[in-house]
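Grab a coffee and open the viewer. Here are some short exercises, each with a solution worked through in steps.

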Amino acid sequence: MGPGYVPLALGVVLAALGLATAVKAYVAPDPAPGAAPAGAVADAGVSDGPLDGPATDGGAADAEELDTRPLAGIQWRPTVGVFAAVTFFALTIDGLGLVPATFGTGLLAALARPGTHPVRALVIAVSLTLASWVIFVVLLQLRLALFGDWLGG
Amino acid sequence: MDLLDNLALGFSEALQWHNILFCLLGVALGTAVGVLPGIGPTATIALLLPITFGFDDPTSALIMLAGIYYGAQYGGSTTAILLNLPGESSAAVTAIDGHQMARAGRAGVALAVAALGSFVAGTVATVVLAVAAPPLARAALAFGAPEYFSLVVLGLIASIALASGSTLKALAMIVLGLLLGTIGQDLDTGTPRFTFGVRELYQGLSFVAVAVGVFGIAEILRNLHDPRTRTRMVSRVSKLWPSRSELRRIVGPVLRATGLGSLLGVLPGGGHVLAAYASYAVEKRVSRNPGEFGHGAIEGVAGPESANNAAAQTSFIPLLTLGLPAHPVMALMVGAFIIQGITPGPGVMTEQPALFWGLIASMWIGNVLLVLLNLPLIGLWVRMLSVPYSVLFPVIVVFACIGTYALGQNPYHVFAVAVFGVLGFVLVRTGCEPAPLLLGFVLGPLLEDNLRRALLISRGDPTVFVTRPISGVLLGLAVLALVVAVLPAIRRKRDVVFAEDE
């Protein structure tokens with residue numbers, strides 16, 4: 001058994017399960033999450049609002065209703081915002097240091113919520129930067145550069 | 001009598017007043033850092049361990065460690081319940097029903113039950129340990145590679161019970177988790193797998209990054225997509241304390257989970273994770289209204305938390321005799337032991353009884369102090385839910401980034417958080433649940449390692465899994481569990497029954 005044995009076996013099983021899921025979606029679709037009687041299908045991970053169609057329904061939804069169809073209702077602002085916030089931290093923590101990275105991440109995250117006023121986001125980001133500095137650098141003595149190499153820190 | 005002598009020895013070590021003080025300090029620090037949203041137990045312990053390195057007296061250092069351990073664990077359960085942010089594998093089970101309880105305004109009850117269940121389980125498991133340590137140690141040695149493989153398979157199949165949706169998708173999530181677990185260098189040959197030339201992937205994905213992503217970040221995205229995003233996480237907190245009838249409901253689960261946890265904890269590697277998941281599966285099967293699971297069943301919080309804690313106690317047997325840590329948190333603890341001059345090995349229990357039993361006793365004392373310190377504070381933790389969500393979620397994002405980064409000073413792990421956050425959100429949207437995926441990811445390396453070792457020993461003969469009695473029985477149970485889960489007719493009937501119950 002070489003190093004590729006288990007990954008190959010798992011890959012084949014996963015492909016088979018994926019195929020089965022796809023076939024099942026056409027033949028006997030799951031009741032869409034949230035539409036079924038509470039207790040049968042709805043779970044911790046799914047919105048608890050009413051639903052406007054089975055999961056496979058790709059047609060235009062009633063715009064007034066809460067759209068919980070699996071992928072159609074994904075909004076770009078929170079998704080891109082939160083992804084960008086975390087990615088910003090990953091890209092800048094080594095180069096810029098803790099203070100700019102925390103500030104940028106906090107700002108991007110706060111702005112990810114639709115309807116957040118920029119001033120409010122700014123206040124959140126500044127307080128968060130301060131709080132992170134107090135908790136992690138002052139109290140926990142974490143070895144993190146406040147300002148990184150890119151800033152001559 | 002051996003048992004009493006052993007415990008008396010341990011407690012005489014651990015019960016000196018300055019040791020208790022250190023333990024209390026450890027519990028307080030562990031809880032304080034552990035409840036920061038986004039900082040899980042692994043990160044908490046990694047952050048606080050260095051404090052104990054400076055101690056001259058190993059007993060004081062160990063007992064403070066015990067305090068930090070319990071404080072961090074409980075802090076992790078707190079964020080799992082309140083914010084759906086489990087920081088380690090077993091807390092992912094607690095989050096399933098605990099968070100639903102919190103959403104229904106019963107956060108205080110969930111936190112109290114978690115603390116009380118852990119305490120009862122920890123106490124019973126300490127006694128079990130004192131009585132049964134030598135035979136348990138022998139039992140653990142009887143488990144060879146084939147038995148481990150079969151046990152892991154059983155654990156994975158049983159975890160389908162975690163998912164309240166489609167069985168097919170739950171299975172697919174398990175396999176996807178297993179596959180993600182193979183990323184990195186192959187253990188035997190060192191061949192890099194799925195790394196695409198990225199050096200940072202050679203060590204595999206970080207568990208913390210995957211967990212924070214698929215649970216924490218995905219939960220944030222889900223909340224932000226809800227146009228009625230609660231300005232307050234939970235508008236009403238009806239009560240803080242479990243009622244008499246609720247207490248009566250958790251007696252059975254706590255006791256069953258304690259037994260299960262004590263047994264599984266003895267198995268080196270992954271025993272405590274399996275214990276938490278197995279306890280959840282058992283309670284769901286045993287329960288008169290299994291439909292409640294996944295929607296805030298109090299048994300779903302009490303069981304796994306107790307099992308986890310019982311297993312944590314008995315996992316000291318393999319930890320100290322074989323040097324095998326059950327999970328990342330324990331691995332950090334081993335590191336701290338070694339710094340204090342305790343090298344895990346077969347002799348510790350017999351050659352250094354004062355140390356072994358002192359450690360066990362200090363773990364129990366850590367547990368007691370935790371309950372004493374935290375029960376009065378539940379009201380304070382619950383207030384975390386009254387922070388406006390627009391403020392709370394940036395805090396979670398930033399702290400999660402710092403916590404994940406601080407673990408290995410590796411920005412790549414933070415990037416993984418972002419990717420798994422979006423992936424987790426898409427999975428949840430498509431009706432696939434992250435809990436089985438996480439279990440597959442945690443147990444994947446164990447599964448592969450034991451499969452290959454078993455086949456190596458048997459010279460490639462796969463019948464070894466069924467001809468060895470323990471392994472055969474475990475695999476038989478796994479097949480049975482799969483049949484029960486997959487048979488759609490049975491499932492549909494069960495769903496109808498649930499619907500009528502409500």
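**Exercise 1.** Which residue with a positive phi follows H5(B)?

Solution. Bear in mind that this is a predicted model.
- Step 1: find the helix. H5 of chain B covers residues 91-103.
- Step 2: look just past its end. H5(B) is followed by Gly105(B), with a positive phi near 85 degrees.

**Exercise 2.** Work out how H5(B) is built and whether its residues are buried or exposed.

Solution.
- Step 1: check the span. The 13 residues of H5(B) reach 17 Å from first C-alpha to last, close to the expected 18 Å.
- Step 2: look for a bend. H5(B) has a kink of about 35 degrees, centred on Asp97(B).
- Step 3: check burial, where the cut-off is under 20% relative accessible area. Twelve of the 13 residues of H5(B) pass, so the helix is largely enclosed by the rest of the structure. Among the buried ones are Asp97(B), His99(B) and Gln100(B).

**Exercise 3.** Find the partner of Arg222(B) in a salt bridge, then explain the spacing of the pair.

Solution.
- Step 1: follow the side chain. Arg222(B) meets Glu219(B), at 3.1 Å from N to O.
- Step 2: count along the helix. Both sit in H9 (residues 207-225) of chain B, three residues apart, so about one helical turn separates them.
- Step 3: recall the geometry. An α-helix has 3.6 residues a turn, so residues three or four places apart point the same way.
- Step 4: check burial. Arg222(B) and Glu219(B) are both buried.

**Exercise 4.** Which parts of chain B does the pair Arg249(B) and Glu299(B) tie together?

Solution.
- Step 1: confirm the contact. Arg249(B) and Glu299(B) form a salt bridge, with their closest N and O atoms 3.0 Å apart.
- Step 2: place the ends. Arg249(B) is in H10 (residues 244-265) and Glu299(B) in H12 (residues 299-314), so the pair ties together parts 50 residues apart in sequence.
- Step 3: compare burial. Arg249(B) is partly exposed at 31% relative accessible area, whereas Glu299(B) is buried at 11%.

**Exercise 5.** What links Glu448(B) and Arg452(B), and which residues share their network?

Solution.
- Step 1: take the pair. Their side chains meet in a salt bridge of 2.8 Å, N to O.
- Step 2: locate them. Both lie in H20 (residues 434-457) of chain B, four residues apart, about one turn.
- Step 3: widen the view. Salt bridges link Asp186(B), Arg193(B), Glu448(B) and Arg452(B) in a network.

Conventions
Residues numbered from 1 in each chain as written. Chains lettered and ligands numbered in written order. Predicted model: local features only at pLDDT ≥ 70, side-chain atom pairs only at ≥ 80, totals over all residues. Heavy atoms only, no water. Helix = DSSP H or I, 4+ residues; strand = E, 2+ residues; numbered from the N terminus. Expected span 1.5 Å × (residues − 1). Bend = angle between axes of the 7 residues up to and from the residue. Buried < 20%, exposed > 50% of the residue type's maximum accessible area, 1.4 Å probe, protein only. Salt bridge = Lys/Arg side-chain N within 4 Å of Asp/Glu carboxyl O.
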